[in-house]
Amino acid sequence: MDNNKTGFTAQFDPAQIDKAEALATAKKFQQRLLLSKALYPYVFLFGIAAFCHKYLHLPLPNVVWGWLFGIAAVWIVYSIISTLVLGICPYCQQFQKLNGQTLGVDAQSVSYSKGVSPFIHRCNRCAAPLSVKAVNQDYAA
Ligand SMILES: [Zn+2]
C-alpha cells in the first residue's frame, strides 16, 4: 500500500484495503477532528449570546464577554489550522481541497466564507472513505 503514496494520486481501491483497517483509519481520522468540529456549536451559541447582548441588553459582565470572545478567537484559529493539518488524507497523504465553509467572528458578526470544513466524510483527492458511514458505503457491495 506504500507505493500508492508516491507520485500522483491513485484512487482509493476498496479491494486493496481490508474493511476493518479502513474502519479503524476512519475512526481515528474522525477523532482527530473532533475538537475542530466542536467549534461549530460553540460559535453558534456565541452568536446567540452576541445577539442577546446587542439587542436584548443582557447584563453580561464584560469579563465574561471577554472570555467568551477570547475562547472563540483562539478556537477558530485552532480549528482552521488543525483542519488543514489533520485533514491530510491517511491514504494519499494530501491536504484536502477547499471543501466548505469556515467561520469568522469579529466583534459585530459571525460570518461564513469558503474554506476548509472539518466535516470530512471522504478524501476529495483520492475518494478514500474517511468516516464510518463512507466505509460502510464502499464496502456494502
Ligand atoms: Zn486521499
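Helix α2 covers residues 34-55 in this predicted model. Its 22 residues, at 1.5 Å a residue, should span 32 Å. The C-alpha atoms at its two ends lie 32 Å apart, so the expected and computed spans agree. Three residues of α2 are buried: Ser-36, Leu-39 and Ala-50. The partner of these buried residues is α3, residues 62-86, against which they pack. Just after α2 comes a change in the backbone. There, His-57 takes a positive phi of about 50°.

Helix α1 passes the length check as well. It runs through residues 19-32. With 14 residues at 1.5 Å each, α1 should span 20 Å, and its end C-alpha atoms are 20 Å apart, which agrees. Which residues of α1 are buried? They are Ala-22, Ala-26 and Phe-29. Viewed down the helix axis, the buried residues of α1 fall within an arc of 65°, so they line one face of the helix. The spacing follows a general rule. An α-helix has 3.6 residues a turn, so residues three or four places apart point the same way. The other side of α1 carries exposed residues: Ala-20, Glu-21, Ala-24, Lys-28 and Gln-31.

What do the buried residues of α1 pack against? They pack against α4, residues 132-138. Val-135 shows contacts of this kind in detail. Leaving aside residues up to four places away in sequence, Val-135 touches Lys-19, Ala-22, Leu-23, Ala-26 and Pro-129. Of these, Ala-22 and Ala-26 are among the buried residues of α1.

Val-135 also belongs to the largest nonpolar core, which has 12 residues in all. From the earlier part of the sequence, this core takes in Phe-12, Ala-22, Ala-26, Phe-29 and Leu-33. Cys-89, Tyr-91, Ile-120, Cys-123, Ala-128 and Leu-130 are also members. Helix α1 supplies the largest share of the core, 3 residues.

The overall fold can now be set out. The protein has 4 helices and 2 strands. Along the sequence, these elements follow the pattern α-α-α-β-β-α. Of the 141 residues in the protein, 20% are buried. How many of the contacts between residues at least 6 apart in sequence join residues at least 24 apart? The share is 63%.

Definitions and conventions:
Residues numbered from 1 in each chain as written. Predicted model: local features only at pLDDT ≥ 70, side-chain atom pairs only at ≥ 80, totals over all residues. Expected span 1.5 Å × (residues − 1). Buried ≥ 20, exposed ≤ 12 C-beta atoms within 10 Å, placed from the backbone. Arc of directions from axis to C-beta. Contact = placed C-beta atoms within 7 Å. Core = buried A, V, L, I, M, F, W, Y, C linked by C-beta atoms within 7 Å.
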